[in-house]
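Here are my notes on the model you sent over, written as numbered points so you can follow along with the viewer open. Have a look at the structure before you read on.

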Amino acid sequence: MRILLPFSSPLSATSSPVTPHFFPESPPPSQIDYSALSKILKKSVIGTLTGALSLTLVFSSPISSVAAANDPYLSLNPPSSSIDSSLNHFDSVPEDCPNEEEEADTEMQDDDFKPQLVVTNEGIVEEGWEIVNDAFLDSRSHSWIPETWQKQKDTMLASPVKSRSKAHEVIKKMLASLGDQYTRFLSPDEDHEFSRMSKYDITGIGINLREVSDGGGNVKLKVLGLVLDSPTDIAGVKQRDEILAVNGVDVSGKSSFEVSSLLQGPSKTYVDLKVKHGNCGPVKSIKLQRQVNAKTPVSYRLEKVENGNISVGYIRLKEFNALARKDLVIAMKRLQEKGASYFVMDLRDNLGGLVQAGIETAKLFLDEGDTVIYTAGRDPKTQKAVLADKNPLITSPLIVMVNNRTASASEIVASALHDNCKAVLVGERTYGKGLIQSVYELRDGSGVVVTVGKYVTPNHMDINGGGIEPDFRNLPAWDEVKEHLSKCNIL
């Protein structure tokens with residue numbers, strides 16, 4: 001089974017093929033790892049594209065932007081953008097696993113035989129059921145309870161499921177009963193979309209991480225998903241393996257976001273990982289070559305405004321994929337070199353993408369310690385703050401342009417910059433997509449998209465369904481922008 005990464009972009013409520021821009025028919029999915037994968041040995045998660053982390057809702061037809069004659073920011077022509085993994089050695093075996101060699105051998109044997117297991121129709125139904133049971137967040141009706149869901153499975157499997165198409169219909173019926181417009185079934189015909197989503201692999205090595213409590217107050221970083229034929233997949237890393245170190249840096253106690261940042265780097269460069277297989281498995285040191293399979297979503301140019309007295313760096317960001325942050329940094333630095341003293345970031349019609357990319361983009365403009373976003377899973381008490389960890393790349397006045405198709409990861413960026421008084425928002429109220437979905441691949445090549453979490457803005461506003469109201473409807477003068485930011489108060 002292949003496992004892809006979580007993202008944040010919209011998915012259509014129908015089973016029509018997903019587009020490379022993440023289901024533009026609907027709002028975006030986000031990327032945070034809220035999925036509990038116990039009992040799920042061979043699931044695939046694409047999710048949490050994007051996955052601060054978001055997937056979907058049916059959009060109305062795209063709204064074209066009408067350029068005003070005096071608006072220099074509305075027209076834009078975007079500029080034109082081998083996996084080598086090797087196992088080095090096995091490190092010493094942890095002392096707290098005396099029977100570890102036997103367990104490792106058993107697990108390896110199990111892995112060898114799993115592909116030969118017969119995938120039954122009932123097994124596919126139960127697999128879909130388990131994903132919801134372990135990961136689903138009921139964000140709207142609040143009527144989902146484990147006991148009721150157990151009865152649902154018993155009812156669905158009370159009689160034989162005689163065909164694969166019938167199994168898929170059963171899964172669709174189960175998912176529909178949840179009353180969640182973002183949770184849906186993906187038919188095997190849409191399987192090719194899974195591989196397309198590898199472009200949202202922000203790490204470059206095809207890995208997605210989540211934090212797992214060890215029951216003693218400590219947190220371990222476990223592998224949530226792998227991209228098929230990625231460097232980590234080829235190197236033998238498995239789902240649920242634990243990441244111990246990155247480039248010699250012990251990652252114990254670090255968040256999945258922090259470690260994902262450590263994993264990032266230019267394509268064709270190398271990263272060293274120390275991985276523990278399973279709960280008691282051997283510790284393996286591996287060297288992986290990064291490979292980024294994305295096209296740049298960034299285009300930019302320098303504009304002269306206000307009678308040529310002000311140089312403005314205009315940057316359009318079409319989606320949040322694995323190259324979004326890196327190419328945005330390049331664009332900003334080049335515009336600064338050309339004399340830009342003000343910046344406009346255009347997020348109109350940006351439906352989201354990889355949530356992690358949205359978070360890393362927002363960090364570029366925030367002070368160390370500023371809150372980027374709050375994330376929450378099934379347990380509301382586990383809400384976590386994602387914080388900026390460096391000084392901002394620029395301190396110049398910033399305008400962020402938004403509209404009613406600015407969604408998910410784009411809303412994370414817009415709200416983070418707005419609530420921390422780093423930018424003014426100009427345009428229309430945003431879409432309002434504050435939920436996080438992950439995409440799981442089932443063993444027969446079909447898949448399910450499941451809502452697994454939500455995010456809340458730094459000002460503790462739940463934007464889902466409501467969106468973000470801009471500060472200005474039309475582009476203000478830069479003096480107005482500076483005055484507005486000077487009076488802004490961080491809650």
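**Notes on the predicted model**

1. Let's begin with helix H10, whose buried residues are Ala409, Ser410, Glu411, Ile412, Val413, Ala414, Ser415, Ala416, Leu417 and Asp419. That is 10 of its 11 residues, so the helix is mostly covered. Keep in mind throughout that this is a predicted model.

2. What do the buried residues of H10 pack against? The list is S11, helix H9 (355-363), strand S12 (371-376), S14, S15 and strand S17 (447-456). Several of those strands come back below.

3. Now check both ends of H10. Serine 408 sits in the loop between S14 and H10, and its phi is near 60 degrees, a positive value in a residue other than glycine. Is serine 408 buried or exposed? With 0% relative accessibility, serine 408 counts as buried. At the other end, just after H10, cysteine 421 also has a positive phi, about 60 degrees.

4. Cysteine 421 deserves a second look, as a disulfide joins it to cysteine 488, with an S to S distance of 1.9 Å. The structure holds one disulfide. The pair links distant parts of the chain: cysteine 421 is in the loop between helix H10 (409-419) and S15, while cysteine 488 is in the segment after H11, 67 residues apart. As a reminder, a disulfide is a covalent bond between the sulfur atoms of two cysteines.

5. On the geometry of that bond, the torsion about the S-S bond of cysteine 421 and cysteine 488 is about -70 degrees, so this is a left-handed disulfide. How covered are the two ends? Cysteine 421 is buried at a relative accessible area of 13%, whereas cysteine 488 is partly exposed at 25%.

6. Next, the five-stranded sheet. It is an open sheet with mixed pairing, and the strand order is S9-S10-S11-S14-S15. Strand S9 (298-305) and strand S15 (424-427) are the edge strands, each pairing on one side only. From one strand to the next, the twist averages 25 degrees.

7. Inside that sheet, strand S10 (residues 310-317) and strand S11 (residues 342-346) run parallel and are joined by five bridges. If you want a spot to zoom in on, isoleucine 315 stands opposite methionine 345 in S11. In general, strands of a sheet pair through backbone hydrogen bonds, either parallel or antiparallel.

8. Which helices lie across the sheet strands? Helix H8 (residues 324-337) lies across S9, S10 and S11, running at about 25 degrees to S9. Helix H11 (residues 478-487) lies across S9, S10, S11, strand S14 (398-402) and S15, and runs at about 100 degrees to S14. Cysteine 488, from the disulfide above, is in the segment after H11.

9. There is antiparallel pairing elsewhere too. Strand S5 (residues 242-246) pairs with strand S7 (residues 270-276) in the antiparallel sense over four bridges, with glutamate 242 opposite lysine 276 in S7. S7 also pairs in the antiparallel sense with strand S8 (residues 283-289), over seven bridges. There, lysine 274 has serine 285 in S8 as its bridge partner.

10. S7 and S8 form a hairpin with six residues between them, and glycine 278 in the turn has a positive phi of about 65 degrees. Asparagine 247 has a positive phi as well, near 50 degrees, in a residue other than glycine. Asparagine 247 is in the loop between S5 and strand S6 (249-250) and is partly exposed, with a relative accessible area of 41%.

11. Leucine 224 is in strand S4 (residues 219-226) and is buried, with a relative accessible area of 0%. The C-alpha atoms of leucine 224 and glutamine 239 are separated by 5.8 Å, although the two are 15 residues apart along the chain.

12. Last, a helix pair. The axes of helix H2 (residues 121-135) and helix H3 (residues 146-156) come within 11 Å and cross at roughly 175 degrees, which makes H2 roughly antiparallel to H3. H2 brings Glu126, Trp129, Val132 and Asn133 to the contact, and H3 brings Trp149, Gln150 and Lys153. By class, the contact has three nonpolar, two polar and two charged residues.

Conventions:
Residues are numbered from 1 along each chain as its sequence is written. This is a predicted model: local features need pLDDT of at least 70, side-chain atom pairs count only at pLDDT 80 or more; totals for chains, interfaces and linings use all residues. Side-chain values use heavy atoms; hydrogens and water are left out. Two strands pair if DSSP finds at least two bridges between them. Helices (H or I, at least four residues) and strands (E, at least two) are DSSP runs, numbered from the N terminus. Axes are lines fitted to C-alpha atoms, for helices over the stretch in contact, and angles run from 0 to 180 degrees between N-to-C directions. Contact means heavy atoms within 4.5 Å. A disulfide is a pair of cysteine sulfur atoms within 2.5 Å. Buried means under 20% relative accessible area, exposed over 50%, partly exposed in between (1.4 Å probe, protein chains only). Angles under 35 degrees count as roughly parallel, over 145 as roughly antiparallel, 65 to 115 as roughly perpendicular and the rest as oblique. Ala, Val, Leu, Ile, Met, Phe, Trp, Tyr, Cys and Pro count as nonpolar, Asp, Glu, Lys and Arg as charged, and the others, Gly among them, as polar.
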